[in-house]
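Here is a short report for a first look at this chain. Keep the sequence and the structure side by side while reading.

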Amino acid sequence: KKWRGEDAGTLVVQDNGEGIPRGKMVSSLSFNTEREGRELWELGSFGVGLKDSSLAHGNELTVFSKTQDDSYSVVRLSGAFSDHKQNWSLINDEEMKTNIPRQFMTELYRQSLERIQEMDHGTIVLLEDMSTSSLNEEIQQGLEPTEGIADFISMVFCDYLQGIDIGPRSASEPLSIYFNNRDQPLIPLDPFFKSEIGVGILGGV
C-alpha cells in the first residue's frame, strides 16, 4: 500500500480508562484471537471491531496505552509493510520504540506519544493514512461532514451520555465524549425519542 503522506486524513481517539495491560496489547490488535473472561455487557468479545472498522478507512493503526501500575506501550497494524491488500503487519512495542520507520514519525504520532506518557492511565488510538475522497465530495456539495460524525457519536452512545447502570458505569455519572472540542461535550441524541413518550395530541403514540 502506498503511503499517502500529508494528503491523507487522520483520526485520534483518546480515553482515560484503565488502559490495556502490556501483555494484552499484541492480542488486542491480532485477528481472530479469543477473548476470555469477558462479561456479557463488555465490548471487544470477538476481536474484530477495532481492526475491521479502522482498517476499512485507513492503512495505519497505532494503539498507545498505559495502565496505572505500568509504563506505556505501543503497538501498530501497518499496511505500509504489507505486500498484499488484505494483509497487515503487526509491529510490537519493542520495535515501535527502538526501530520505528521515519515515515511513521508524523506530528500526530509524536503528540500521541507525548500525551500517553503524561497520562496516568488510558488509551489513544491513532488512525492514519486515511482516504479523504468521500469527505472532499461532501465538502464540495456544501456539507460539513464533521457535524454528521458528531451527531452519529451522540446517537450511538446516547444511553451512556445520558447515564446508564451497566457494568461499572452508573446512571449518576454519565459518560462525557468530546469531538474536536475539549470544552464542549457532546449532547445525547436519542434515536427512539423516549422523552416524547406520552407527549402530544396522540399521547406520544
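## Isoleucine 116 and the cores

Not counting residues up to four places away in sequence, isoleucine 116 touches Phe64, Ser65, Lys66, Tyr72, Gly122, Thr123 and Ile124. The model is a predicted one. Isoleucine 116 also belongs to the largest nonpolar core, which has twelve residues in all. Its other members are Phe64, Tyr72, Val74, Ile91, Met96, Phe104, Tyr109, Leu113, Met119, Ile124 and Leu126. Two elements, α4 (107-118) and β5 (122-130), give two or more residues each to this core. The most comes from α4, with three residues. A second core is separate from it and holds eleven residues, including Leu55, Leu61, Val63 and Val75.

## The chain as a whole

Now step back. The chain has seven helices and five strands. Along the sequence, their order is β-α-α-β-β-β-α-α-β-α-α-α. The chain counts 205 residues, and 29% of them are buried. Among contacts with a separation of 6 or more, 62% join residues 24 or more positions apart. The exposed surface comes to about 13800 Å². Carbon and sulfur atoms supply 51% of that area.

## Threonine 67

Where does threonine 67 lie? It sits in the loop between β2 (58-66) and β3 (73-78). Is threonine 67 buried or exposed? Threonine 67 counts as buried because its relative accessibility is 10%, and the cut-off for buried is under 20%. The side chain of threonine 67 makes a polar contact with the side chain of aspartate 69, at 3.2 Å. Beyond its neighbours within four places in sequence, threonine 67 is in contact with Glu18, Gly19, Ile20, Pro21, Asp120 and His121.

## Two residues with positive phi

Most residues other than glycine have a negative phi. Asparagine 180 has a positive phi although it is not a glycine. Phenylalanine 193 is not a glycine either, and its phi is positive as well. Asparagine 180 lies in the segment after α7 (158-162). Phenylalanine 193 also has its place in the segment after α7.

| Residue | Phi | Relative accessible area |
|---|---|---|
| Asparagine 180 | about 60° | 66% |
| Phenylalanine 193 | about 50° | 57% |

Are these residues buried or exposed? Asparagine 180 is exposed, because its relative accessible area is 66% and the cut-off for exposed is over 50%. Phenylalanine 193 is exposed too, with 57%.

How values were computed: Residues are numbered from 1 along each chain as its sequence is written. This is a predicted model: local features need pLDDT of at least 70, side-chain atom pairs count only at pLDDT 80 or more; totals for chains, interfaces and linings use all residues. Side-chain values use heavy atoms; hydrogens and water are left out. Helices (H or I, at least four residues) and strands (E, at least two) are DSSP runs, numbered from the N terminus. Buried means under 20% relative accessible area, exposed over 50%, partly exposed in between (1.4 Å probe, protein chains only). A polar contact is a pair of N or O atoms within 3.5 Å; within protein, one must be able to donate a hydrogen and the other to accept it, and residues adjacent in sequence count only if both atoms are side-chain atoms. Contact means heavy atoms within 4.5 Å. Accessible areas come from the Shrake-Rupley method with a 1.4 Å probe; for residues, only the protein chains shown count as cover. A nonpolar core is a set of buried Ala, Val, Leu, Ile, Met, Phe, Trp, Tyr and Cys residues joined through side-chain atoms within 4.5 Å.
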